[in-house]
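Student: I would like a close look at a single part of this model, with its strand pairing taken step by step. Could you then set that part beside the elements that surround it?

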Amino acid sequence: MSSQKAQLIDGSVAVVPRRGAPGAPRPGAEITGVDLRAIDDAAFAAIHRAWIDHQVLLFRDQHLTDHDLIAFSRRFGDLDHAPIQENGQSIANGMPEIYVVSNVIENGVAIGSLGHGEAVWHTDMSYLSAPPKASMLYALEVPPAGGDTSFVDMYAAFEALPDALRRRAMGLRVKHDGTYNSGGYVRLGVTPTDDPREAPGTLHPLICTHPESGRRMLYLGRRKMAWLEGFGLAESDALLDEIWSFATQKKFVWTHQWRVGDLVLWDNRCTMHRRDPFDANTRRVMHRTQVKGSAPPMA
Ligand code: OGA
Ligand code: MN
(Lines give C-alpha, C1' and ligand atoms only; values in the text may rest on other atoms or scores of the structure.)
(Ligands and ions follow the chains in the order given, each with its own letter.)
Protein backbone atom coordinates (compact mmCIF):
# COMPACT_ATOMS: atom_id res chain seq x y z
CA MET A 1 0.00 0.00 0.00
CA SER A 2 1.53 3.33 -0.92
CA SER A 3 1.86 5.97 1.74
CA GLN A 4 -0.27 8.99 1.36
CA LYS A 5 -1.43 11.52 3.93
CA ALA A 6 -0.99 9.46 7.07
CA GLN A 7 -3.47 10.62 9.67
CA LEU A 8 -2.39 10.35 13.30
CA ILE A 9 -5.33 9.00 15.24
CA ASP A 10 -4.13 8.02 18.68
CA GLY A 11 -0.65 8.22 20.17
CA SER A 12 1.57 6.77 17.46
CA VAL A 13 -1.29 4.98 15.67
CA ALA A 14 -1.81 6.31 12.14
CA VAL A 15 -4.20 5.57 9.27
CA VAL A 16 -2.57 5.53 5.85
CA PRO A 17 -5.27 5.50 3.18
CA ARG A 18 -4.64 3.64 -0.01
CA ARG A 19 -3.93 5.82 -3.00
CA GLY A 20 -6.48 5.36 -5.78
CA ALA A 21 -6.73 7.10 -9.12
CA PRO A 22 -8.37 10.52 -8.75
CA GLY A 23 -12.13 10.09 -8.53
CA ALA A 24 -11.76 6.33 -8.14
CA PRO A 25 -12.02 5.45 -4.46
CA ARG A 26 -10.72 2.05 -3.47
CA PRO A 27 -11.09 0.26 -0.21
CA GLY A 28 -8.25 -0.02 2.20
CA ALA A 29 -5.98 1.70 4.65
CA GLU A 30 -2.92 0.57 6.52
CA ILE A 31 -2.86 1.17 10.25
CA THR A 32 0.69 1.78 11.40
CA GLY A 33 2.23 2.07 14.86
CA VAL A 34 0.00 -0.48 16.52
CA ASP A 35 0.60 -3.77 18.31
CA LEU A 36 -2.76 -5.54 18.28
CA ARG A 37 -1.84 -7.43 21.46
CA ALA A 38 -1.97 -4.20 23.43
CA ILE A 39 -4.50 -1.64 22.36
CA ASP A 40 -6.45 0.56 24.72
CA ASP A 41 -10.04 1.69 24.26
CA ALA A 42 -9.08 4.94 22.53
CA ALA A 43 -6.91 3.12 19.99
CA PHE A 44 -9.66 0.58 19.42
CA ALA A 45 -12.23 3.34 18.85
CA ALA A 46 -9.91 4.88 16.26
CA ILE A 47 -9.40 1.52 14.56
CA HIS A 48 -13.14 0.91 14.51
CA ARG A 49 -13.73 4.34 12.94
CA ALA A 50 -11.05 3.65 10.31
CA TRP A 51 -12.62 0.26 9.56
CA ILE A 52 -16.00 1.91 8.88
CA ASP A 53 -14.34 4.66 6.80
CA HIS A 54 -11.98 2.48 4.74
CA GLN A 55 -13.72 -0.95 4.74
CA VAL A 56 -10.48 -2.95 4.73
CA LEU A 57 -7.61 -2.45 7.18
CA LEU A 58 -4.08 -3.84 7.00
CA PHE A 59 -1.88 -4.20 10.09
CA ARG A 60 1.67 -5.37 9.34
CA ASP A 61 4.35 -7.03 11.46
CA GLN A 62 2.02 -8.46 14.09
CA HIS A 63 2.96 -11.30 16.45
CA LEU A 64 -0.32 -12.88 17.42
CA THR A 65 -1.15 -16.15 19.08
CA ASP A 66 -4.61 -17.57 18.42
CA HIS A 67 -5.63 -16.16 21.82
CA ASP A 68 -4.45 -12.68 20.79
CA LEU A 69 -6.29 -12.94 17.46
CA ILE A 70 -9.49 -13.98 19.24
CA ALA A 71 -9.14 -11.22 21.86
CA PHE A 72 -8.72 -8.51 19.21
CA SER A 73 -11.56 -9.94 17.12
CA ARG A 74 -13.93 -10.00 20.12
CA ARG A 75 -13.66 -6.24 20.45
CA PHE A 76 -15.85 -6.06 17.32
CA GLY A 77 -18.54 -8.34 18.75
CA ASP A 78 -19.34 -12.00 19.37
CA LEU A 79 -17.48 -14.41 17.15
CA ASP A 80 -18.87 -17.12 14.97
CA HIS A 81 -17.57 -20.60 15.50
CA ALA A 82 -15.56 -21.62 12.46
CA PRO A 83 -17.55 -23.53 9.85
CA ILE A 84 -16.83 -27.23 9.57
CA GLN A 85 -13.86 -27.88 7.29
CA GLU A 86 -14.34 -29.44 3.90
CA ASN A 87 -12.87 -32.71 5.21
CA GLY A 88 -15.40 -32.83 8.03
CA GLN A 89 -12.88 -31.84 10.69
CA SER A 90 -14.56 -29.25 12.86
CA ILE A 91 -12.12 -27.54 15.19
CA ALA A 92 -8.57 -26.64 14.32
CA ASN A 93 -6.12 -26.44 17.21
CA GLY A 94 -8.93 -26.92 19.70
CA MET A 95 -10.20 -23.35 19.31
CA PRO A 96 -13.68 -23.17 17.84
CA GLU A 97 -13.33 -19.50 16.83
CA ILE A 98 -10.28 -20.12 14.63
CA TYR A 99 -10.83 -21.20 11.04
CA VAL A 100 -7.66 -22.35 9.31
CA VAL A 101 -7.39 -21.33 5.65
CA SER A 102 -4.64 -23.47 4.20
CA ASN A 103 -3.60 -25.84 1.44
CA VAL A 104 -1.18 -27.72 3.72
CA ILE A 105 -1.66 -31.46 4.14
CA GLU A 106 -0.11 -33.11 7.17
CA ASN A 107 -0.11 -36.90 7.53
CA GLY A 108 -2.65 -37.12 4.73
CA VAL A 109 -5.07 -34.70 6.40
CA ALA A 110 -5.76 -31.13 5.26
CA ILE A 111 -5.04 -28.75 8.16
CA GLY A 112 -7.43 -26.13 6.76
CA SER A 113 -9.88 -25.14 4.04
CA LEU A 114 -10.03 -23.52 0.60
CA GLY A 115 -7.12 -25.45 -0.92
CA HIS A 116 -4.71 -23.69 -3.34
CA GLY A 117 -7.12 -22.72 -6.13
CA GLU A 118 -8.76 -19.45 -6.94
CA ALA A 119 -11.43 -18.28 -4.52
CA VAL A 120 -13.83 -16.30 -6.72
CA TRP A 121 -15.39 -12.98 -5.66
CA HIS A 122 -17.63 -13.35 -2.65
CA THR A 123 -18.91 -11.96 0.60
CA ASP A 124 -18.56 -14.38 3.50
CA MET A 125 -21.63 -16.46 4.26
CA SER A 126 -24.19 -14.11 2.73
CA TYR A 127 -26.59 -17.06 2.48
CA LEU A 128 -27.29 -16.54 6.20
CA SER A 129 -30.09 -14.20 7.20
CA ALA A 130 -27.63 -12.16 9.28
CA PRO A 131 -24.23 -12.61 7.59
CA PRO A 132 -21.02 -11.91 9.54
CA LYS A 133 -20.14 -8.22 9.83
CA ALA A 134 -16.37 -8.67 9.79
CA SER A 135 -13.79 -11.26 8.97
CA MET A 136 -10.05 -11.13 9.52
CA LEU A 137 -7.15 -13.16 8.20
CA TYR A 138 -3.78 -13.39 9.90
CA ALA A 139 -0.85 -14.66 7.81
CA LEU A 140 1.37 -17.31 9.43
CA GLU A 141 2.94 -18.72 6.25
CA VAL A 142 2.75 -17.24 2.76
CA PRO A 143 3.76 -18.76 -0.58
CA PRO A 144 6.59 -17.11 -2.54
CA ALA A 145 4.15 -16.18 -5.31
CA GLY A 146 0.38 -16.10 -5.79
CA GLY A 147 -2.34 -16.30 -3.16
CA ASP A 148 -2.93 -12.52 -3.21
CA THR A 149 -6.29 -11.41 -1.81
CA SER A 150 -8.30 -8.66 -3.52
CA PHE A 151 -11.11 -6.54 -2.12
CA VAL A 152 -13.75 -4.60 -4.01
CA ASP A 153 -15.52 -1.54 -2.61
CA MET A 154 -19.26 -2.06 -2.98
CA TYR A 155 -20.06 1.55 -2.03
CA ALA A 156 -17.93 2.80 -4.90
CA ALA A 157 -19.49 0.26 -7.27
CA PHE A 158 -22.97 1.43 -6.30
CA GLU A 159 -22.13 5.13 -6.48
CA ALA A 160 -20.65 4.76 -9.97
CA LEU A 161 -23.55 2.69 -11.39
CA PRO A 162 -24.92 4.27 -14.56
CA ASP A 163 -28.42 5.69 -13.95
CA ALA A 164 -30.18 3.21 -16.24
CA LEU A 165 -28.56 0.22 -14.55
CA ARG A 166 -29.24 1.68 -11.10
CA ARG A 167 -32.93 2.08 -11.94
CA ARG A 168 -33.14 -1.56 -13.06
CA ALA A 169 -31.40 -2.70 -9.88
CA MET A 170 -33.57 -0.69 -7.47
CA GLY A 171 -35.98 -2.70 -5.32
CA LEU A 172 -34.75 -6.13 -6.46
CA ARG A 173 -33.76 -8.96 -4.20
CA VAL A 174 -31.06 -11.57 -4.85
CA LYS A 175 -31.08 -15.14 -3.68
CA HIS A 176 -27.74 -15.88 -2.01
CA ASP A 177 -26.83 -19.50 -2.53
CA GLY A 178 -25.78 -21.74 0.35
CA THR A 179 -24.50 -24.69 -1.69
CA TYR A 180 -20.84 -23.80 -2.18
CA ASN A 181 -18.13 -22.30 0.04
CA SER A 182 -15.51 -19.76 -1.06
CA GLY A 183 -13.22 -22.42 -2.48
CA GLY A 184 -16.07 -23.76 -4.64
CA TYR A 185 -16.48 -26.84 -2.42
CA VAL A 186 -19.97 -28.08 -1.60
CA ARG A 187 -20.86 -27.19 1.99
CA LEU A 188 -21.24 -30.17 4.28
CA GLY A 189 -24.68 -31.74 4.29
CA VAL A 190 -25.87 -29.99 1.08
CA THR A 191 -27.00 -31.89 -2.05
CA PRO A 192 -26.18 -29.60 -4.99
CA THR A 193 -28.81 -28.75 -7.60
CA ASP A 194 -28.39 -26.68 -10.80
CA ASP A 195 -31.50 -24.59 -10.18
CA PRO A 196 -30.81 -21.60 -7.92
CA ARG A 197 -34.51 -21.39 -7.11
CA GLU A 198 -34.39 -24.87 -5.52
CA ALA A 199 -31.05 -24.50 -3.73
CA PRO A 200 -30.70 -23.53 -0.06
CA GLY A 201 -30.18 -19.79 0.36
CA THR A 202 -31.56 -16.44 1.49
CA LEU A 203 -33.03 -13.41 -0.27
CA HIS A 204 -31.36 -10.05 0.42
CA PRO A 205 -31.90 -6.64 -1.22
CA LEU A 206 -29.57 -6.00 -4.17
CA ILE A 207 -28.99 -2.47 -2.94
CA CYS A 208 -28.43 -2.23 0.80
CA THR A 209 -27.79 0.55 3.29
CA HIS A 210 -24.88 0.03 5.66
CA PRO A 211 -26.19 0.08 9.25
CA GLU A 212 -23.22 2.05 10.61
CA SER A 213 -22.12 4.36 7.80
CA GLY A 214 -25.61 4.95 6.38
CA ARG A 215 -24.11 4.66 2.88
CA ARG A 216 -25.74 2.63 0.13
CA MET A 217 -23.94 -0.22 -1.63
CA LEU A 218 -24.44 -3.09 -4.00
CA TYR A 219 -24.88 -6.37 -2.15
CA LEU A 220 -24.04 -9.27 -4.44
CA GLY A 221 -22.71 -12.14 -2.31
CA ARG A 222 -21.38 -14.45 -4.99
CA ARG A 223 -22.17 -15.02 -8.64
CA LYS A 224 -22.52 -18.78 -8.82
CA MET A 225 -26.16 -19.86 -8.34
CA ALA A 226 -27.32 -16.29 -7.64
CA TRP A 227 -30.86 -15.49 -8.77
CA LEU A 228 -32.95 -12.33 -8.94
CA GLU A 229 -36.29 -12.93 -7.27
CA GLY A 230 -39.20 -13.05 -9.72
CA PHE A 231 -36.96 -13.24 -12.82
CA GLY A 232 -36.66 -16.05 -15.34
CA LEU A 233 -33.27 -17.74 -15.10
CA ALA A 234 -31.95 -16.25 -18.36
CA GLU A 235 -33.09 -12.69 -17.55
CA SER A 236 -31.71 -13.00 -14.06
CA ASP A 237 -28.33 -14.20 -15.37
CA ALA A 238 -28.18 -11.42 -17.94
CA LEU A 239 -28.83 -8.61 -15.45
CA LEU A 240 -26.59 -10.16 -12.79
CA ASP A 241 -23.74 -10.53 -15.32
CA GLU A 242 -24.07 -6.88 -16.25
CA ILE A 243 -24.02 -5.71 -12.64
CA TRP A 244 -21.19 -8.08 -11.69
CA SER A 245 -18.93 -7.00 -14.52
CA PHE A 246 -19.56 -3.37 -13.62
CA ALA A 247 -18.95 -3.89 -9.89
CA THR A 248 -15.72 -5.87 -10.17
CA GLN A 249 -13.84 -3.38 -12.34
CA LYS A 250 -10.20 -2.89 -11.37
CA LYS A 251 -10.80 0.70 -10.34
CA PHE A 252 -12.85 -0.45 -7.34
CA VAL A 253 -10.32 -3.10 -6.28
CA TRP A 254 -7.41 -3.27 -3.87
CA THR A 255 -5.11 -6.30 -4.13
CA HIS A 256 -3.06 -7.30 -1.12
CA GLN A 257 0.22 -9.21 -1.37
CA TRP A 258 0.76 -11.00 1.89
CA ARG A 259 3.73 -10.94 4.22
CA VAL A 260 4.00 -13.11 7.32
CA GLY A 261 2.57 -11.14 10.26
CA ASP A 262 -0.05 -9.29 8.21
CA LEU A 263 -3.53 -9.05 9.62
CA VAL A 264 -6.25 -7.92 7.22
CA LEU A 265 -9.66 -7.04 8.59
CA TRP A 266 -12.60 -6.37 6.29
CA ASP A 267 -16.11 -5.07 6.61
CA ASN A 268 -18.00 -8.02 5.18
CA ARG A 269 -21.12 -5.91 4.58
CA CYS A 270 -19.73 -3.47 2.00
CA THR A 271 -16.87 -5.40 0.34
CA MET A 272 -16.33 -8.60 -1.59
CA HIS A 273 -13.03 -10.46 -1.78
CA ARG A 274 -11.32 -13.07 -3.92
CA ARG A 275 -8.04 -14.98 -3.80
CA ASP A 276 -5.58 -15.78 -6.56
CA PRO A 277 -4.52 -19.41 -6.93
CA PHE A 278 -1.00 -20.43 -5.95
CA ASP A 279 1.36 -23.36 -6.45
CA ALA A 280 0.01 -26.41 -4.60
CA ASN A 281 3.57 -27.37 -3.64
CA THR A 282 4.07 -24.20 -1.62
CA ARG A 283 2.59 -23.49 1.82
CA ARG A 284 0.01 -20.90 2.78
CA VAL A 285 -1.34 -20.87 6.34
CA MET A 286 -3.78 -18.24 7.55
CA HIS A 287 -5.78 -18.14 10.76
CA ARG A 288 -9.12 -16.46 10.52
CA THR A 289 -11.92 -15.21 12.74
CA GLN A 290 -15.38 -14.01 11.90
CA VAL A 291 -17.56 -11.52 13.83
CA LYS A 292 -21.25 -12.36 14.02
CA GLY A 293 -23.68 -10.19 12.12
CA SER A 294 -26.23 -8.36 14.20
CA ALA A 295 -28.95 -7.81 11.60
CA PRO A 296 -30.03 -8.85 8.09
CA PRO A 297 -28.83 -6.56 5.28
CA MET A 298 -31.48 -3.84 4.80
CA ALA A 299 -32.46 -1.88 1.70
C1 OGA B 1 -11.80 -16.13 3.65
C2 OGA B 1 -11.31 -16.08 2.27
C3 OGA B 1 -9.32 -15.82 1.00
C4 OGA B 1 -7.86 -15.94 1.23
O5 OGA B 1 -11.03 -16.47 4.54
O6 OGA B 1 -12.99 -15.80 3.86
O7 OGA B 1 -12.07 -15.92 1.37
O8 OGA B 1 -7.13 -15.08 0.76
N9 OGA B 1 -9.99 -16.19 2.16
O10 OGA B 1 -7.44 -16.89 1.87
MN1 MN C 1 -14.08 -15.39 2.19
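**A strand and its partners**

Tutor: In β8, the residue that bridges to S102 is L114. This is a predicted model, and the contact just named belongs to the pairing of β5 with strand β8 (residues 113-114), where two bridges join strands that run parallel. Strand β5 also pairs with β20, here through four bridges and in an antiparallel sense, and within β20 the bridge partner of Y99 is R288. Strand β5 itself, spanning residues 99-102, is covered on both faces, since Y99 and V101 on one side are buried, as are V100 and S102 on the other.

Strand β20 (285-291) leads on to helix α2, for it is among the elements against which the buried residues of that helix pack, together with α1 (41-54), β4 (56-59), β10 (134-141) and β18 (263-267). In α2 (residues 66-74), the buried residues are D66, L69, I70, F72 and S73; seen down the helix axis they fall within an arc of 165°, and therefore line one face of the helix.

Turning to another set of strands, an open sheet of four has the order β9-β19-β11-β17, with antiparallel pairing. Its edges are formed by β9 (119-122) and β17 (253-256), each of which has a single partner strand, so that one side of each is left without a neighbour in the sheet. From one strand to the next the twist averages 15°. At the β9 edge, two bridges join this strand to the antiparallel β19 (residues 271-275), where R275 is the bridge partner of A119.

Key. Residues numbered from 1 in each chain as written. Chains lettered and ligands numbered in written order. Predicted model: local features only at pLDDT ≥ 70, side-chain atom pairs only at ≥ 80, totals over all residues. Heavy atoms only, no water. Pairing = 2+ DSSP bridges. Axes fitted to C-alpha atoms, helices over the stretch in contact; angles between N-to-C directions. Buried < 20%, exposed > 50% of the residue type's maximum accessible area, 1.4 Å probe, protein only. Arc of directions from axis to C-beta. Contact = heavy atoms within 4.5 Å.
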